[in-house]
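I opened my notebook for this one and jotted things down as I looked them up. Here is what I wrote.

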Amino acid sequence: MPYQRISGSLSTPRVAVMIDMGNPFLNLTVDGFLKIGTVAAARAAAEEAYYVVKRGNISRHTVEHSARVNLTSRDLSLCFPMYSKFSRQLKKMCKEAAYWGTVAGVYVGMEYGAERIRGTRDWKNAMIGGALTGAIISSACEKSRDKIVVGAITGGAIATAAEFLNYLT
């Protein structure tokens with residue numbers, strides 16, 4: 001009986017974009033902002049695509065016609081309700097990208113700062129970076145001390161768990 005063997009590997013495509021800001025701290029912070037911001041924008045777009053498919057209220061004719069007409073955004077909103085939905089979705093994507101990109105940039109910067117101050121690279125840096133990021137983001141949104149502490153604990157726990165999961169793989 002003939003023996004057949006199939007082998008292969010599955011790997012994710014990698015896109016590496018590096019912006020040299022002249023400082024490793026800034027390089028890592030901007031890199032984290034861009035990567036996570038892009039993921040957040042893609043997530044918002046995928047969420048809206050799901051709802052569009054679920055509602056079933058988009059047609060090819062409407063999209064082609066609205067792309068050819070040269071009107072102001074107010075006119076497009078009145079003539080084509082889909083345009084205002086698209087505009088809202090684009091704003092939502094940008095807002096999500098900016099928020100999560102900022103969170104990622106702050107986290108990466110805090111983790112790098114903890115690594116430089118402590119002089120070692122281990123899971124404790126992730127915990128410190130996550131806790132500080134959670135506290136900073138919570139203090140920007142909430143004024144209650146308890147919510148800021150909960151944000152710090154949550155940020156530290158999530159960052160530490162992610163770091164431990166990275167060690168497993």
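**Entry 1: how far to trust it**

I started with confidence, since this is a predicted model. The protein chain has a mean pLDDT of 80, and 73% of its residues reach 70 or more. Then I went through the elements one by one: helix α5 (residues 123–141) has the highest mean pLDDT, 94, while helix α2 (residues 60–68) has the lowest, 46. I put a warning beside residues 60–69, where the pLDDT is below 50. Beyond near neighbours in sequence, that stretch has eight contacts in the model.

**Entry 2: the overall layout**

I counted the elements next and got six helices and zero strands. Reading from the N terminus, I just wrote α-α-α-α-α-α. The protein chain has 169 residues, and 23% of them count as buried. I also checked contacts between residues at least 6 apart in sequence: 54% of these join residues at least 24 apart.

**Entry 3: two helices up close**

How well does the span of α5 agree with 1.5 Å a residue? I worked with its 19 residues, which should span 27 Å, and the end C-alpha atoms are 27 Å apart, so the two agree. For α6 (residues 145–168), I noted 24 residues and a reach of 35 Å from first C-alpha to last, close to the expected 34 Å.

Which residues of α5 are buried? I listed Asn125, Ala126, Gly129, Gly130, Thr133, Gly134, Ile137 and Ser138. A reminder from class helps here: an α-helix has 3.6 residues a turn, so residues three or four places apart point the same way. For α6, my list of buried residues reads Gly151, Ala152, Gly155, Gly156, Ala159, Thr160 and Glu163.

**Entry 4: Gly134**

I picked one residue from helix α5, Gly134. Is Gly134 buried or exposed? Its relative accessible area is 10%, so I put Gly134 down as buried, the cut-off being under 20%. Leaving aside neighbours within four places in sequence, Gly134 is in contact with Gly151 and Ala152, and both of those are on the list of buried residues of α6. I also looked up Tyr107, which is 27 residues from Gly134 along the chain; their C-alpha atoms are separated by 8.5 Å.

**Entry 5: the largest pocket**

I found about 610 Å³ of space in the largest pocket. Its lining has 24 residues, and Ile36, Val103, Ala104, Tyr107 and Thr133 lie nearest the centre. Two or more lining residues come from each of α1 (24–55), α4 (81–118), α5 and α6. Which element gives the largest share of the lining? That's α6, with eight residues. Sorting the lining by type, I got 12 nonpolar, nine polar and three charged residues.

**Entry 6: Phe33 and Arg116**

Phe33 is in helix α1, and its relative accessible area of 34% makes it partly exposed. Not counting residues up to four places away in sequence, Phe33 touches Ala98, Gly101, Thr102 and Gly105. The C-alpha atoms of Phe33 and Ala104 are separated by 5.6 Å, though the two are 71 residues apart along the chain.

Last stop was Arg116, in helix α4. With a relative accessible area of 60%, Arg116 is exposed. Arg116 and Phe25 are 91 residues apart along the chain, and I noted 9.8 Å between their C-alpha atoms.

Note on methods. Residues numbered from 1 in each chain as written. Predicted model: local features only at pLDDT ≥ 70, side-chain atom pairs only at ≥ 80, totals over all residues. Heavy atoms only, no water. pLDDT = per-residue confidence, 0-100. Helix = DSSP H or I, 4+ residues; strand = E, 2+ residues; numbered from the N terminus. Contact = heavy atoms within 4.5 Å. Expected span 1.5 Å × (residues − 1). Buried < 20%, exposed > 50% of the residue type's maximum accessible area, 1.4 Å probe, protein only. 1 Å grid on protein atoms, 1.4 Å probe; cavity = no way out; pocket = protein on both sides within 12 Å on 5 of 7 lines; lining within 4 Å. Points joined across faces, edges and corners; volume = space filled by probe spheres on them. Nonpolar A, V, L, I, M, F, W, Y, C, P; charged D, E, K, R; others polar.
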